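Student: I'd like to go through the charged pairs in this one. Can you walk me through them?

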Amino acid sequence: NKKKARSEAVCCEVVALVFGFVGLIGVSAVTGLPMWKVTAFIQENIIVMETRWEGLWMNCYRQANIRMQCKVYDSLLYLPAELQAARGLMCSSVAVSAIALILSAVGMKCTKVVDHRPRTKHIVLVTGGCLFLVGCVTTIIPVSWTANVIIRDFYNPLLIDAQRRELGEALYIGWVTSALLFVAGVILLCRHAPRIGDDEMERMVNGPGYIYQPGVNYQPGVSYQPGSAYAYQPYSYQPNYSAPPGSVVYAPNQYM
């Protein structure tokens, strides 16, 4: 049973590690891709020979499906608010996901990098799972925020058709990446957060080498005789009382 439970735990850890690794690659790709906003071809804006992409770091123009030119933004303040916030959140997501992946690899049962005690490995894996969830949150917030701004501007009647944009491929990759990071964090937390090793739990309950053993084992049908080691000895209480001088002390044997 222990061997089977160990193999199941290792399998869950490997699955979570794979999901986290793919999620880290996805977060890095979303951060670097310029395909956050794409030109919308609607009504009069039917110039299909040129496509414009806008990302966190640069905007690109592609002409006739042959040539593509990209230019890095000259100033951070030139970007809209959602892209400025997305820069910081996506960079944080990359860093947090990388740390979570390292902790998950270090805390696996099949590795011997940290302490071999189950409780220590559980703490490391739970920390990695929490960081995966943090990476999921820091990824889905900028992606969803940017998508909301694109949809809001698309239906804004004050904008012309050339100013409208559509959802780029990077946003869809970001949503999938957030789901992968969420699954990795949930697997680690659900598998290891409420659990602890049997030996560790026994030591916590009984203490290190101290087991309670009663001194007398009660056996029904056995009467304990007076004078034995465990016989009941009645105790009479006699207060220490002294009569004051000149008073008469009553003695029961005096009147018999």
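Student: Is Asp153 buried, partly exposed or exposed?
Tutor: Keep in mind that we're looking at a predicted model. Asp153 has a relative accessible area of 25%. Buried would need under 20% and exposed over 50%, so Asp153 comes out as partly exposed.

Student: Which residue does the side chain of Asp153 meet in a salt bridge?
Tutor: The N to O distance for this pair is 3.7 Å, and the cut-off is within 4 Å. The partner counts as exposed, at 53% relative accessibility. That partner is Arg152.

Student: What about Lys71 and Asp74, what is their N to O distance?
Tutor: Their side chains meet in a salt bridge too. Asp74 is exposed, because its relative accessible area of 69% is over the 50% cut-off. The N to O distance between Lys71 and Asp74 is 3.8 Å.

Student: In the pair of Glu54 and Arg52, which residue is buried?
Tutor: The two side chains meet in a salt bridge, 3.4 Å from N to O. Arg52 has a relative accessible area of 23%, so that one is partly exposed. The other residue has 13%, which is under the 20% cut-off. The buried one is Glu54.

Student: Which residue is linked with Arg52 and Glu54 in a network of salt bridges?
Tutor: We've just seen Arg52 and Glu54 meet in a salt bridge. The network also takes in another arginine, namely Arg165.

Student: And how many salt bridges does the count come to?
Tutor: We've gone through several, including Lys71 with Asp74 and Asp153 with Arg152. With the within 4 Å rule, the count comes to 5.

Definitions and conventions
Residues are numbered from 1 along each chain as its sequence is written. This is a predicted model: local features need pLDDT of at least 70, side-chain atom pairs count only at pLDDT 80 or more; totals for chains, interfaces and linings use all residues. Side-chain values use heavy atoms; hydrogens and water are left out. Buried means under 20% relative accessible area, exposed over 50%, partly exposed in between (1.4 Å probe, protein chains only).
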